[in-house]
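Dear colleague, please find below my note on the model you sent. It is set out as numbered points, for reading alongside the coordinates.

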Amino acid sequence: MDYSEFIGEVQHRIEAGDMGTAVRNTRAVLTTLGERLQADEAADLASPLPGEIGYYLRDADSGQRFDHAEFLERVADRAGVDEGEAEVRAQAIVALLGEIVPGGELDDVEGGLPADYEPLFEFVGAEETPW
């Protein structure tokens, strides 16, 4: 999957009216996730992604400690949406990661985060998703 395909899929899943919105949301989610992960975890997660997408994870100020509520606040602020919409969009983007990243890598990420992050991974590997 290349950059355009990835962003197009995000655009479809979050029902964005334009690619700019899809890019902004992708950047918001992956930068915030990259901030929460350790640098090596972010790099591992980024490696199978298109370079421009993986950059959001790799370039983040990684290793920060914050809970899921703060994660959603940061995503909402960066994406310009409310926290409820931020959660829906983050779930969609993380589910897409689950389809691209090879087996177990996203499981390792989920396993390394506190239990309150569980909703972020709700649709990873799900047969049916709301989008």
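The points below go from the overall fold to the aromatic pairs.

1. Status of the model. The structure is a predicted model, and the remarks that follow should be read in that light.

2. Secondary structure. The chain contains seven helices and zero strands. Its pattern along the sequence is accordingly α-α-α-α-α-α-α. The radius of gyration is 13 Å, against 14 Å from the globule rule for 131 residues, so the chain is as compact as a globular protein of that length.

3. Dimensions and contacts. Along the principal axes, the C-alpha atoms occupy a box of roughly 35 × 30 × 30 Å. Of the contacts with a separation of 6 or more, 69% are between residues 24 or more positions apart.

4. Burial and surface. Of the 131 residues in the chain, 44% are buried. The exposed area of the chain is about 6,300 Å², and carbon and sulfur atoms supply 42% of this area.

5. Charge. The chain carries 9 positive and 30 negative charges. The mean positions of these two sets lie 7 Å apart.

6. Aromatic pairs. How many aromatic pairs does the structure hold? There are two aromatic pairs. One of them joins Tyr55 and Tyr56: the ring centres are 6.5 Å apart and the planes meet at 65 degrees, which is over the 60 degrees required, so the pair is edge-to-face. Is Tyr55 buried, partly exposed or exposed? With a relative accessibility of 44%, Tyr55 is partly exposed, because this value falls between the 20% and 50% limits. Tyr56, in contrast, has a relative accessible area of 11% and is buried, because buried means under 20%.

7. The pair of Phe71 and Tyr117. These two residues also form an edge-to-face aromatic pair, with 5.8 Å from centre to centre and 70 degrees between the planes. Which parts of the chain does the pair tie together? Phe71 belongs to helix H5 (residues 68–79), whereas Tyr117 is in the segment after helix H7 (105–112), so the pair links parts that are 46 residues apart in sequence.

8. Setting of this second pair. Phe71 has a relative accessibility of 0% and therefore counts as buried. Tyr117 is buried as well, at a relative accessible area of 1%. The pair thus consists of two buried residues, whereas the pair of Tyr55 and Tyr56 combines a partly exposed residue with a buried one.

Methods
Residues numbered from 1 in each chain as written. Predicted model: local features only at pLDDT ≥ 70, side-chain atom pairs only at ≥ 80, totals over all residues. Heavy atoms only, no water. Helix = DSSP H or I, 4+ residues; strand = E, 2+ residues; numbered from the N terminus. Rg over C-alpha atoms; globule rule 2.2 N^0.38 Å. Buried < 20%, exposed > 50% of the residue type's maximum accessible area, 1.4 Å probe, protein only. Contact = heavy atoms within 4.5 Å. Areas by Shrake-Rupley, 256 points an atom, 1.4 Å probe, with all protein chains shown as cover. Lys, Arg positive; Asp, Glu negative; His and termini not counted. Charge placed at Lys NZ, Arg CZ, Asp CG, Glu CD. Phe/Tyr/Trp six-rings, centres within 6.5 Å; stacked < 30°, edge-to-face > 60°.
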